[in-house]
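Biologist: I would like to go through this model with you, beginning with its strands. Could you put it on the screen?

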Amino acid sequence: RSSDLVVGGGIAGVTCAEQLALQFPSEDVLLITASPLIKAVTHFNQISKTLEEFEVEEQPSTMLEHRFPNIKVTQSAVKHLKSTEHVVVTEDGMQYTYEKLCICAGAKPKLICKENPYVLGIRDTDSAQEFQKLLKHAKRIAIVGNGGIALELVYEIEGCEVIWAIKDKAIGNTFFDAGAAEFLIPQLKAEKPETAMPLKRTKYTTEGGDANEGSSIEPTEHGSALGPDWHEGLNLKTDRKST
């Protein structure tokens, strides 16, 4: 039995587990995540009263256990919640009882048309890899959305026509104002530098083949949300011979 149980290995779940471990060192904290990697805040800097600067890194779950002795991480997807009994059932058949529960499992992408082979919602690494396969022979694609993933896709995709549909008056309105958006629009069509900028963030990968090998998690289940530099290692260029 755990005093505090957190579901989700994304930035919200990991931050929640860390704060519980810090504020209540005598309590046991259990973090359940479907991914072997967790997302953690690093290089935090309080610039002003309302402005903070930090980076998000993917790290092995063992690093969280090493930093906080009262945190235990379990890798499995949650199958069922028995709220009246304070029990969480995971895909591997295990049952975990708790006193307090925090669900940080994220949200499902809102697809324009479900079960359409031509519509793909990009949220995690699996869907990003599936997009890479579909992009290979594409001549024209439509990107719907104005978030961070859409911004990076529009800039990174090469070799096909890109139609970008947004509901806002300016691109990237979540990150910068309309004036900055007008300044950045020409950069979307400009030639990209041949030499990529070096990445200073530590990156972790899983070994031994597919991370979900031997797991009962269905392929349609959503994994952890995409983190920084998610498109690194993906080929977002179409097959020029077919275009």
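Biologist: In which sense do strand β2 and β5 pair, and over how many bridges?
Modeller: This is a predicted model. In it, β2, residues 29-33, pairs with β5 in the parallel sense, and five bridges join the two.

Biologist: Which residue stands opposite I32?
Modeller: That is T74, which lies in β5.

Biologist: What order do the strands of the open sheet follow?
Modeller: Six strands make up the open sheet, in the order β5-β2-β1-β8-β7-β6, and their pairing is mixed. Its edge strands are β5 (71-75) and β6 (78-82), each of which pairs on one side only. On average, neighbouring strands of the sheet are turned by 40° against each other, direction ignored.

Biologist: And how do β3 and β4 run, parallel or antiparallel?
Modeller: They run antiparallel, with eight bridges between β3 (residues 37-46) and β4 (residues 52-60). The two form a hairpin with five residues between them. Within this pair, T42 stands opposite E55 of β4.

Biologist: Changing topic: how many disulfides does the structure hold?
Modeller: It holds zero disulfides.

Biologist: Why is C102 not bonded to C104?
Modeller: The closest cysteine sulfur to that of C102 is in C104, but because it is 3.4 Å away, it is too far for a bond. The cut-off for a disulfide is 2.5 Å between the sulfur atoms.

Biologist: Are these cysteines buried or exposed, C104 for instance?
Modeller: C104 counts as buried, since its relative accessibility is 18%, under the limit of 20%. C102 is partly exposed, with a relative accessible area of 24%.

Conventions
Residues are numbered from 1 along each chain as its sequence is written. This is a predicted model: local features need pLDDT of at least 70, side-chain atom pairs count only at pLDDT 80 or more; totals for chains, interfaces and linings use all residues. Side-chain values use heavy atoms; hydrogens and water are left out. Two strands pair if DSSP finds at least two bridges between them. Helices (H or I, at least four residues) and strands (E, at least two) are DSSP runs, numbered from the N terminus. Buried means under 20% relative accessible area, exposed over 50%, partly exposed in between (1.4 Å probe, protein chains only). Axes are lines fitted to C-alpha atoms, for helices over the stretch in contact, and angles run from 0 to 180 degrees between N-to-C directions.
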